[in-house]
Amino acid sequence: MFIRTFAGLLAAVAAVAIMAGFGLFGATPALADAPDDVSAANAVVQRAIAAAQTGDLARAQREYASYENTWFDIEDGVREQSTSSYRVIEKRMTDVTAALASGDQAKSVAALQALDVEQQHFIKGEPAGPL
């Protein structure tokens, strides 16, 4: 009886492992996708930079809010691939939030550009910048 129960348990564990390997449980995307995900999200940051450079901070804020929503979906892959890049990107995001909240155009542009630079480092597989 024990052998049958153990064999059944072993088969169930194997089935779960196979399904997880095929992503059937909504597992996080493969690490190779993280740079592509950040690249796609960074297009939104580019739009926020363009808006801030023209003085349209309200639009820059909307674009950045869209980026933040995307970030929540992709941040685990970034963290798994590079904890240092993850930390620096998160810090740059905090800086952007503060700059946009201040209403200062120059600070907002600089903060968004710093976020862009850090994301470019990650996309290219380069080391993270300093915190």
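Visitor: Why does Asp 56 count as partly exposed?

Guide: Asp 56 has a relative accessibility of 32%. Buried means under 20% relative accessible area, exposed means over 50%, and partly exposed is in between (1.4 Å probe, protein chains only). Since 32% falls between those two limits, Asp 56 is partly exposed. Before we go on: this is a predicted model, in which local features need pLDDT of at least 70 and side-chain atom pairs count only at pLDDT 80 or more, while totals for chains, interfaces and linings use all residues. Residues are numbered from 1 along each chain as its sequence is written, and side-chain values use heavy atoms, leaving out hydrogens and water.

Visitor: What makes the pairing of Arg 59 with Asp 56 a salt bridge?

Guide: The term asks for a side-chain nitrogen of Lys or Arg within 4 Å of a carboxyl oxygen of Asp or Glu. Here the closest N and O atoms are 3.8 Å apart, so the pair passes the test. Arg 59 is also partly exposed, at 32% relative accessibility. In general, side chains of opposite charge can pair when their charged atoms come close.

Visitor: How many salt bridges does the structure hold?

Guide: There are five. One of them joins Glu 63 to Arg 47, with 3.2 Å between the closest N and O atoms.

Visitor: What makes that pair a tie between separate parts?

Guide: Glu 63 sits in helix H3 (residues 57–81) and Arg 47 in helix H2 (residues 33–53), so the bridge ties together parts that are 16 residues apart in sequence. Helices here are DSSP runs of H or I with at least four residues, strands are E runs of at least two, and both are numbered from the N terminus. The two partners can be sorted by accessibility as well: Glu 63, at 16%, is buried, whereas Arg 47, at 40%, is partly exposed.

Visitor: Which residues are linked in a network of salt bridges?

Guide: Glu 75, Asp 76 and Arg 79. Within this group, Asp 76 and Arg 79 meet at 2.8 Å, N to O. Both lie in helix H3, three residues apart, about one turn of the helix. Asp 76 is partly exposed at 31%, and Arg 79 is partly exposed at 33%.

Visitor: Now for the inside. How do you know that Ile 89 is buried?

Guide: Its relative accessible area is 0%, so Ile 89 meets the limit for buried. Ile 89 belongs to helix H4. Leaving aside neighbours within four places in sequence, Ile 89 is in contact (heavy atoms within 4.5 Å) with residues including Tyr 67, Trp 71, Leu 115 and Phe 122. Phe 122 is 33 residues away in sequence, yet the two C-alpha atoms are 9.1 Å apart in space.

Visitor: What makes a set of residues a nonpolar core?

Guide: The members must be buried Ala, Val, Leu, Ile, Met, Phe, Trp, Tyr or Cys residues, joined through side-chain atoms within 4.5 Å. The largest such core has 27 residues, and Ile 89 is among those with the most contacts inside it, along with Tyr 64, Tyr 67, Trp 71, Leu 112 and Leu 115. H2, H3, H4 (83–102) and H5 (105–123) each give two or more residues, and H2 gives the most, with nine. In soluble globular proteins, nonpolar side chains tend to be buried together.

Visitor: How do you know that the buried residues of H4 are on the same side?

Guide: They cover an arc of only 165° around the axis, which puts them on the same side of H4. That arc is taken from the directions from the helix axis to the C-beta atoms. These buried residues, among them Tyr 86, Val 88 and Met 93, pack against H3 and H5. The face turned away carries the exposed residues Thr 94 and Ala 101.

Visitor: How do you know that the span of H5 agrees with its number of residues?

Guide: The expected span is 1.5 Å times one less than the number of residues. For the 19 residues of H5 this gives 27 Å, and the end C-alpha atoms are 27 Å apart, so the two agree.

Visitor: And what caps the N-terminal end of H5?

Guide: Asp 104 does, with a side-chain oxygen 3.0 Å from the backbone nitrogen of Ala 106. Just after H5, Gly 125 takes a positive phi of about 75°.

Note on methods: Polar contact = N/O pair within 3.5 Å; in protein donor to acceptor, adjacent residues only side chain to side chain.
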